[in-house]
Amino acid sequence: MLSLKQSRFLSAATFLIAMFRFFFGGKKAEIGTPDFIICGLGNPGLKYENTRHNCGFMAVDGIAESVGVKLKRLKFKSLTEIAVISSVKCLLMKPTTFMNKSGDAVVEAMRFYKIEPERTLIIYDDINGSVGDIRVRRCGSDGGQNGMKSIILQSGSDQFPRIKIGIGAKPHPDFALSDWVLSPFKKAEGAMLEKALDNALKAAELIIKGDIDTAMNNHNRKGG
C-alpha cells in the first residue's frame, strides 16, 4: 500500500503530465470552425504525384507549408487541416476521391460548416494556360475541367472563386488529352511551375481577404 506521501507525489506527477500533454503534446488543439474553404484538385495516389492534373494539390500543399501545417486529417473524403491564413480560419482540402468525384468531397465540407460557394476557393489545372501562368476567376462555368464540373453539379452553383494554374497545351493535336494531363512536368518547366505556385499562394491570400479584384488585376496576364 502506498504511503500518504507517495500518493500525493503520484497525484502531483499525474497532474503535471496531464498539463504537459494538454499544452505541448498529443492532438493539436482545434482553432475553431473555419470561415473559408481552400480546395486543391487532383488525383490521389503515388501514380499521380507531380502530374499536370495534380497542380491543385501542389498549390494547397504550398499554402499549408507557408503557414506551418500539413494536411494529414482524413475528413470529408479528403486530407484536411484547419489553418489561419490572412487572419481567416480556413479549411485546406485535398480530396481523396478521384478528380471527377471532387464534388462529393467539397460539397460535404461546405454543408457541414455551412460555407457558401462564394467562400470556397477551388484551385486546379488549366490546359489553356501556359506553364508559369495563373488565372483568377470570380465564378463561371467548369470550362471542361472534370473536377470543377463535379463541384458545380453537386452544389448546384457556379459561384466558386477559382485559381487556374496553366499546364500548357498538348504537344500536338493527336496527343490524347488524358495522357497529357496525367503526364509529369518536364524538368525544364520546374522554375515556371514554382513561380505559378508562388503566385497562386499570393492570389489565394488576396481572395481570402475579400480582394479578388486585386488578385485578378495582379495575375490575369501572361507571366503574372
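Seven helices and seven strands make up the secondary structure of this protein, and the coordinates discussed here are those of a predicted model. Followed along the sequence, these elements occur in the pattern α-β-α-β-β-β-α-β-β-α-β-α-α-α. Of the 224 residues of the protein, 45% count as buried, and the accessible surface comes to about 12300 Å², with carbon and sulfur atoms contributing 56% of that area. Among the contacts with a separation of 6 or more, 70% are between residues that lie 24 or more positions apart.

**Strand β1 and its partners**

Strand β1, which spans residues 36–40, is mostly covered, in that five of its five residues are buried. Phe36, Ile38 and Gly40 point one way from β1, while Ile37 and Cys39 point the other way, and the residues of both sets are buried. The strand is joined to two others. Four bridges connect β1 with strand β4 (residues 88–95), and these two strands run parallel; within this pairing, Ile37 of β1 has Leu91 of β4 as its bridge partner. Four bridges likewise connect β1 with strand β5 (residues 120–126), again in a parallel arrangement, and here Cys39 stands opposite Ile122 of β5. Ile37 and Cys39, which are thus bridge-paired to β4 and β5 respectively, belong to the set that points the other way from Phe36, Ile38 and Gly40.

**The two largest pockets**

Rolling a probe the size of a water molecule over the atoms shows where empty space is left. In this model the largest pocket holds about 400 Å³ of space. It is lined by 23 residues, of which His53, Asp125, Gly144, Gln145 and Asn146 are the closest to its centre. The elements that give two or more residues to this lining are β5, β7 (162–166) and α5 (177–181), and β5 is also a strand to which β1 is joined by four bridges.

The second largest pocket contains about 320 Å³ of space. Its lining consists of 13 residues, with Glu49, Asn54, Phe57, Asp61 and Lys94 the closest to its centre. Helix α2 (55–66) and strand β4 each supply at least two residues of this lining, and the largest share, three residues, comes from α2. Strand β4 is the other parallel partner of β1 described above. The composition of the two linings by residue class is set out below.

| Pocket | Nonpolar | Polar | Charged |
|---|---|---|---|
| Largest pocket | eight residues | nine residues | six residues |
| Second largest pocket | five residues | five residues | three residues |

**Ala203 in helix α6**

Which helix holds Ala203? The residue has its place in helix α6, which covers residues 190–208. Why does Ala203 count as buried? Its relative accessibility is 0%, and because a residue is classed as buried when this value is under 20%, Ala203 falls within that class. Leaving aside residues up to four places away in sequence, Ala203 touches Ile134, Val136, Ile163, Ala215 and His219. For one of these residues, His219, the separation is also known: it lies 16 residues from Ala203 along the chain, and the C-alpha atoms of the two are separated by 7.5 Å. Another of the residues touched by Ala203 is Ile163, whose number falls in the range of β7 (162–166), a strand that gives two or more residues to the lining of the largest pocket.

How values were computed
Residues are numbered from 1 along each chain as its sequence is written. This is a predicted model: local features need pLDDT of at least 70, side-chain atom pairs count only at pLDDT 80 or more; totals for chains, interfaces and linings use all residues. Side-chain values use heavy atoms; hydrogens and water are left out. Buried means under 20% relative accessible area, exposed over 50%, partly exposed in between (1.4 Å probe, protein chains only). Two strands pair if DSSP finds at least two bridges between them. On a 1 Å grid over the protein atoms alone, a cavity is a set of points where a 1.4 Å probe fits but cannot get out, and a pocket is an open set with protein on both sides within 12 Å along at least five of seven lines; lining residues have an atom within 4 Å of a point. Grid points are joined across faces, edges and corners, and a volume is the space filled by probe spheres set on the points. Ala, Val, Leu, Ile, Met, Phe, Trp, Tyr, Cys and Pro count as nonpolar, Asp, Glu, Lys and Arg as charged, and the others, Gly among them, as polar. Contact means heavy atoms within 4.5 Å. Accessible areas come from the Shrake-Rupley method with a 1.4 Å probe; for residues, only the protein chains shown count as cover.
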